[in-house]
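Biologist: I'm new to this one. Can you walk me through how the labels get decided?

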Amino acid sequence: MKITCLPASLLSVCICLLAPAEAMAVTRVIDDDGRASAVSCDAATPTLDSIQSAVDVSASGDTILVCPGVYEEQVKIVSKDLTIRGVTSGTLNVALIQPRSMVANSSNTSSGVAVAAIIAVEDSGSVTLINLTVDASDNGLTRCDPTLIGVFYRNASGRIEATTVRNIRLGPALQECQS
């Protein structure tokens, strides 16, 4: 908490006002080429180049704008209320999250089975995903476990809007694993 004291009289009596020291929400712009600005994904200004790096430095209430591009990563959000919004081109969701060599990054709360999610949200009150394409076509999994999932909310809630989740399947050699 931030404590602010205002002089109440000539006797220098202080009335202390208690106010939360909450920071203002921040909007971060990321681009897969590491260059963008708050007004243009084509700017030359250095910026973060991965969604996970933006999640890591963000606080609850922040928004992450994802410029068009391919983001070869899994994203994990823990105990933060964020909005991740893809910047569209016309009507297309061109912010593609397509990880390679996926690994387990969560687990099923009831069974304990390992989960490999492209986007894993845990212990968060409100995570909103907008205008994204989530694709597991290059997932790299070679076994039946962990369970492959596109977007996974675990002990969390939120909203998914105008987002495509596709190719959530294992390779041909693992067809007997499909559930």
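Modeller: Let's start with arginine 159 and glutamate 161, keeping in mind that this is a predicted model. Their closest N and O atoms are 3.0 Å apart.

Biologist: What makes arginine 159 and glutamate 161 a salt bridge?

Modeller: The cut-off is within 4 Å, from a side-chain nitrogen of Lys or Arg to a carboxyl oxygen of Asp or Glu. At 3.0 Å, arginine 159 and glutamate 161 form a salt bridge.

Biologist: And why is arginine 159 called partly exposed?

Modeller: Buried means under 20% and exposed over 50%, with partly exposed in between. Arginine 159 has a relative accessible area of 41%, so it's partly exposed. Glutamate 161, with 36%, is partly exposed too.

Biologist: How many salt bridges turn up in the whole structure?

Modeller: Seven. One of them pairs glutamate 122 with lysine 76, at 3.7 Å from N to O. Glutamate 122 sits in strand β10 and lysine 76 in strand β6, 46 residues apart.

Biologist: Why does glutamate 122 count as buried?

Modeller: Its relative accessibility is 8%, and buried means under 20%, so glutamate 122 gets that label. Lysine 76 comes in at 29%, so it counts as partly exposed.

Biologist: How do you know that aspartate 138 and arginine 100 meet in a salt bridge?

Modeller: Their N to O distance is 3.8 Å, and the cut-off is within 4 Å, so the pair qualifies. Aspartate 138 lies in the loop between β12 and β13 and arginine 100 in the loop between β8 and β9, so the pair ties together parts 38 residues apart in sequence.

How values were computed. Residues numbered from 1 in each chain as written. Predicted model: local features only at pLDDT ≥ 70, side-chain atom pairs only at ≥ 80, totals over all residues. Heavy atoms only, no water. Helix = DSSP H or I, 4+ residues; strand = E, 2+ residues; numbered from the N terminus. Buried < 20%, exposed > 50% of the residue type's maximum accessible area, 1.4 Å probe, protein only.
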